[in-house]
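Subject: Structure for you to look at

Hi,

Here is the structure I promised to pass on. Have a look first, and then read on for what I found in it.

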Amino acid sequence: MKLSTGAEFIHTITMPTPFPVGDVNAYLIKGDVLTLVDAGPKTEEALLSMKSQLQQAGCRLQDIEQVVLTHHHPDHVGLLDYLPHDVSVIGHPYNAAWLMRDQTFLENQHAYFSRLFVEFGVDPVFLPLLSQLHSTLEYSCHRALTSGVMEGDSLPGLKDWKILDTPGHAQSHIVLYRENDGLLIAGDLLLSKISPNPLLEPPQTGSSRPRPLLQYISSIQKLLHIPISSVLTGHGEPIPDAHTHILLSLKKQEERAKEVLELLRQKPLTAFEVCRLLFPKIYKRQFLLTMSETVGQLDFLEEHGKIKAEYSGETVMYEAVRR
Ligand SMILES: [Zn+2]
């Protein structure tokens, strides 16, 4: 799909992924610098698909001058391994460790989640599920981030575009906002059909656990204060009315939190027990996703004073606050 956007042309490049989410979108911006926003997973199918769509847009993989990453997930970065070595790779500084993944990084991840799972009351028989943590990383790349960008920064050769920090779905998440017409390239911040998972991640600075759902909520609330004409998403169709979409997402989220509060009104539970009640059929298969969703709701309820979290030994028990 080619979008008419004034002096620049933006081509949507849709590629298959091996993940349940289905296809992923990258965007080719023909501005003063030939820019690719996101890069698809590292699979043969995605590579072939990217090459043929670039050809239709009148260029080749080796013509791309810079890649801007919305976040570090494998379905958005994997194909970086096929781009020439002199291409600039631009993104939030937090991408760097995820793109290189040295031994220390992997060991730290494992140690962090082992501790966290004890805190969340995960039954030790499920600890081998920790290995799922890294199973998707085979579709990622090994590449250095060449330039870090954050809130308010602009991009080389794309003078109308600004970066907005939007952590939550990933700690490294940013979006690209074109101020003169309100176009937003949103990565996985807003998706037309599904709500993005606020994934648990170790902190990159400091030691306190990031609260991804709370971050996600303030990231999308921030967008309510700027005019947005259309949203180009990381998966699926563009979103024409961003503000309505955001208000609806916030409402749905509150409804999910209410369900969790009802469970805790019966009796105090660990995060793991809540997760099993919420996702009895899929929690084993999608352990990190379902735990992240659960912990997100617990963080939300705690933040709003509806529940309290108390340590019982090394494990946290969540309890509804009496009305
Ligand atoms: Zn993602």
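Which residues lie nearest the centre of the second largest pocket? They are Leu116, Glu119, Phe120, Arg209 and Tyr311, out of 19 residues that line this pocket. Before you go further, keep in mind that this is a predicted model.

The pocket first. The space in the second largest pocket comes to about 300 Å³. Four elements each give two or more residues to its lining: α4 (103-119), α8 (287-303), β13 (307-312) and β14 (315-320). Of the elements, α4 gives the most, with five residues. If you sort the lining by residue type, you get nine nonpolar residues, two polar and eight charged.

Now for the domains. The domain assignment splits the protein into domain 1, made up of 2-100 + 140-240, and domain 2, which covers 256-320. The second largest pocket involves both, as its lining takes at least three residues from domain 1 and at least three from domain 2.

How far apart are the centres of the two domains? Taken over C-alpha atoms, the separation is 31 Å. In the contact between them, domain 1 takes part with 12 residues and domain 2 with 13.

People often give the size of an interface as the accessible area lost when the parts come together. Here, domain 1 and domain 2 bury about 990 Å² between them, and carbon and sulfur atoms give 63% of that area. On the domain 1 side, look for three leucines: Leu200, Leu213 and Leu214 supply 44% of the area that domain 1 buries against domain 2, and no other three residues supply more.

There are charged pairs to look at too. The count of salt bridges between domain 1 and domain 2 is two. While you have the model open, find Arg209 again, one of the residues nearest the centre of the second largest pocket. Arg209 forms a salt bridge with Asp299, and their closest N and O atoms are 2.8 Å apart.

Over to you, and happy browsing!

Notes:
Residues numbered from 1 in each chain as written. Predicted model: local features only at pLDDT ≥ 70, side-chain atom pairs only at ≥ 80, totals over all residues. Heavy atoms only, no water. 1 Å grid on protein atoms, 1.4 Å probe; cavity = no way out; pocket = protein on both sides within 12 Å on 5 of 7 lines; lining within 4 Å. Points joined across faces, edges and corners; volume = space filled by probe spheres on them. Nonpolar A, V, L, I, M, F, W, Y, C, P; charged D, E, K, R; others polar. Domains from an automatic or database assignment. Contact = heavy atoms within 4.5 Å. Buried area = accessible area lost by both parts, 1.4 Å probe. Salt bridge = Lys/Arg side-chain N within 4 Å of Asp/Glu carboxyl O.
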